Amino acid sequence: MPTYSFQFFVSGENAKHLEAIESLKKLGDSCLGGDYELKVVDVTRSPEIARASGVLATPTLIKTAPAPRARILGDFCNCGGLLQQLGVAKSRKPHHTLASLDVVGE
Amino acid sequence: MMRQSKQDSPVDGLRRALHASEARFRAIVDRSADGIIVLRSSGEIVYVNPAAEVVLDQQAERLIGKNFGVPAVPGDATEIEVIRDEGAKIIAEIRVVTTHWQGKPALLATLRDITERNQREREIREAIECRDHFLAVLSHELRNPLASIVSATEVLRRADDDNSQRQAREVIERESRHMRRMLDDLLDVSRVTKGKITLRKTTVDLVELVRHVAGDNEALMREADLRFKLTVSAVPLYAQADSTRIRQVLTNLLTNAVRYSKPRGHIWITVCCEGDEHVIVVCDDGVGIPQNRLDSIFEPFEQVESDISRSNCGLGMGLALVKKLVGLHGGSVMASSDGPGLGSEFAVRLPAAPAPDPPVIKQPQVDEIQPRKIFVVEDNADARETLKMLLELEGHVVETAADGRQAVDLIDLHRPDLALVDIGLPIHDGYEVARRARKRWGAKVRLVALTGYGQPEDRRRALDAGFDAHVTKPLDYTRLAKLIAQLDSSNASQPTTA
């Protein structure tokens with residue numbers, strides 16, 4: 001089992017979503033050494049999963065493991081600082097941070 | 001026991017001021033058109049204003065405590081999709097600033113529903129793309145016939161044998177016709193789209209009409225080395241239709257079939273009755289249509305071959321016009337094809353109509369053309385001189401003027417029977433020339449506006465200025481001859497359009 005698990009909620013398929021997924025994968029490979037799992041959920045196809053996860057808007061990224069859970073929504077094409085926002089401490093390489101807030105779990 | 005003072009204590013005053021201040025600011029937030037939500041640093045919602053309830057489509061009681069997520073907004077703003085019940089969604093623009101809530105760091109996000117704005121922007125972008133594509137196609141499609149005309153003109157200048165000269169003349173005629181048809185289609189699509197085409201319906205025998213159209217286009221098919229077969233009902237099939245427009249529909253379908261056929265290909269037309277409809281099918285074994293293009297092929301500017309550099313397929317307006325005109329007749333048109341290389345079929349369905357009453361046979365009238373004094377006012381020297389030459393070949397006496405002032409001066413001198421006046425003239429435009437000529441000469445001179453502007457409002461404007469008729473460029477010489485012939489009966493001068 002990978003150490004990190006993420007769910008990425010999008011609605012429908014468009015170029016921006018695909019770019020965001022690519023960007024997240026790159027981030028996972030470079031900063032988490034590939035030790036992660038990324039599940040993409042299309043809320044138009046699986047609304048029940050979105051409802052169960054309490055997703056109000058897309059795109060939303062939820063870190064489901066390890067605890068604590070954390071979620072971000074908005075623009076994922078620029079992923080700088082994302083891991084810190086999700087409370088992910090592990091980092092194989094130093095990366096640029098944007099967040100000015102200490103993000104705590106849900 | 002001390003009596004309580006009727007006056008407020010300083011604390012009460014401060015409390016009241018505080019309440020008033022809070023009410024003021026709450027009113028601002030409550031009445032804000034933008035949704036405002038306050039989030040803990042974990043993304044948990046702690047406050048939503050009424051506008052945010054609308055954007056998120058949920059009451060505040062249901063939203064407070066839910067995790068919205070920490071907004072990742074790299075620039076000033078970003079777009080998110082808000083999921084509504086029943087799968088609907090809206091696009092919201094989100095902006096975020098840091099703040100404090102109950103003494104702790106928090107985020108203040110504003111949400112604005114931009115679904116309609118995005119839709120409008122998308123439509124504008126598509127319209128711009130469509131226009132750019134159209135201009136590129138227009139430029140390409142006009143260059144092709146123009147190139148042929150330029151070459152043929154050069155042949156006329158250099159060649160001294162009759163055969164070459166005849167061929168060059170045929171090229172010029174054919175290519176000019178082609179350009180003219182493209183421009184007519186372009187104008188007609190615009191008019192149909194704006195609902196400005198009025199059908200002149202009569203009872204039309206579709207069998208006879210199809211025969212005529214096939215006959216008119218026989219040479220075109222022969223030149224393209226195509227075999228043609230016409231299968232029609234043995235009895236007349238009547239429809240209430242504008243015969244000119246249905247001819248236009250069939251001509252467009254037939255020229256379309258010719259364009260998309262290869263040499264030694266086949267074109268079939270069948271006309272039959274199916275229930276209370278008459279069906280005209282134009283079929284070919286040419287390049288065919290991909291399945292995913294069968295619907296969009298009727299959109300303006302669409303061509304099966306989308307690569308402009310390889311296309312030679314007109315403006316892509318023909319089928320758009322076909323659909324609109326057939327629709328105006330209460331009919332339908334459908335395209336079908338087994339795919340690329342497997343030919344295509346266009347089926348036009350029109351409501352059937354009962355047979356008309358037997359026609360009253362009239363004696364044909366023979367128009368007698370007499371030499372006339374004609375005044376040509378045109379600033380384009382080539383257009384002016386060629387028109388003069390043509391009219392002189394018909395035996396008319398022609399004088400010319402190159403601008404509005406010259407026209408006004410010379411019309412007094414020449415006192416023509418007919419003045420053909422361009423609208424876009426230097427000094428005085430054609431309308432002014434008409435007004436002045438009409439003022440001075442009343443109904444004695446017949447005035448015909450000659451213009452590139454063919455919209456109904458242009459015609460109306462010309463007639464209002466005093467013109468008797470409005471003729472769109474390029475000039476159709478048969479129509480001009482008719483106008484000249486009508487001079488004999490022009491005492492009862494009724495405005496006409498051509």
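**Exercise 1. Classify B:Ile427 as buried or exposed, then describe its backbone and its place in chain B.**

Solution. Start with the cut-offs: a residue is buried under 20% relative accessible area, exposed over 50% and partly exposed in between (1.4 Å probe, protein chains only). B:Ile427 has a relative accessibility of 53%, so it counts as exposed. Next, look at the backbone: B:Ile427 is not a glycine, yet its phi is positive, at about 70°. Finally, locate B:Ile427: it sits in the loop between strand S16 (418–422) and helix H12 (430–441) of chain B. Helices (H or I, at least four residues) and strands (E, at least two) are DSSP runs, numbered from the N terminus.

A word on the ground rules before going on. This is a predicted model, in which local features need pLDDT of at least 70 and side-chain atom pairs count only at pLDDT 80 or more, while totals for chains, interfaces and linings use all residues. Residues are numbered from 1 along each chain as its sequence is written, chains are lettered from A and ligands numbered from 1 in the order in which they are written, and side-chain values use heavy atoms, with hydrogens and water left out.

**Exercise 2. Carry out the same analysis for B:Asp57.**

Solution. Backbone: B:Asp57, also a non-glycine residue, has a positive phi of about 60°. Place: the loop between helix H2 (50–56) and helix H3 (60–63) of chain B holds B:Asp57. Exposure: the relative accessible area of B:Asp57 is 38%, which means partly exposed.

**Exercise 3. Find which residues of helix H6 (residues 206–216) of chain B are buried, and say how they are arranged.**

Solution. Begin with the list: B:Leu206, B:Val207, B:Leu209, B:Val210, B:Val213 and B:Ala214 are buried. They cover an arc of only 165° around the axis (taken from the directions from the helix axis to the C-beta atoms), so they lie on the same side of H6(B). Then turn to the N-terminal end of H6(B), which B:Asp205 caps: one of its side-chain oxygens is 3.0 Å from the backbone nitrogen of B:Val207.

**Exercise 4. Count the aromatic pairs over all chains and classify two of them.**

Solution. Rings of Phe, Tyr and Trp (its six-membered ring) pair if their centres lie within 6.5 Å; planes under 30 degrees apart are stacked, over 60 edge-to-face and the rest tilted. The count is four aromatic pairs over all chains. For A:Tyr4 and A:Phe6, the ring centres are 6.5 Å apart and the planes at 10°, so this pair is stacked. Both A:Tyr4 and A:Phe6 are buried. For A:Phe8 and A:Phe76, the centres are 5.1 Å apart and the planes at 80°, so this pair is edge-to-face. A:Phe8 belongs to strand S1 (residues 4–10) of chain A and A:Phe76 to the loop between strand S5 (70–74) and helix H3 (82–85) of chain A, so the pair ties together parts 68 residues apart in sequence. A:Phe8 and A:Phe76 are both buried.

**Exercise 5. Locate cis peptide bonds in chain A, starting from A:Pro59 and A:Pro66.**

Solution. A:Thr58 and A:Pro59 are joined by a cis peptide bond with omega about -5°. A:Pro59 is in the loop between strand S3 (57–58) and strand S4 (60–65) of chain A. A:Ala65 and A:Pro66 are likewise joined by a cis peptide bond, with omega about -5°, and A:Pro66 is in the loop between S4 and S5 of chain A.

Terms used
Polar contact = N/O pair within 3.5 Å; in protein donor to acceptor, adjacent residues only side chain to side chain.
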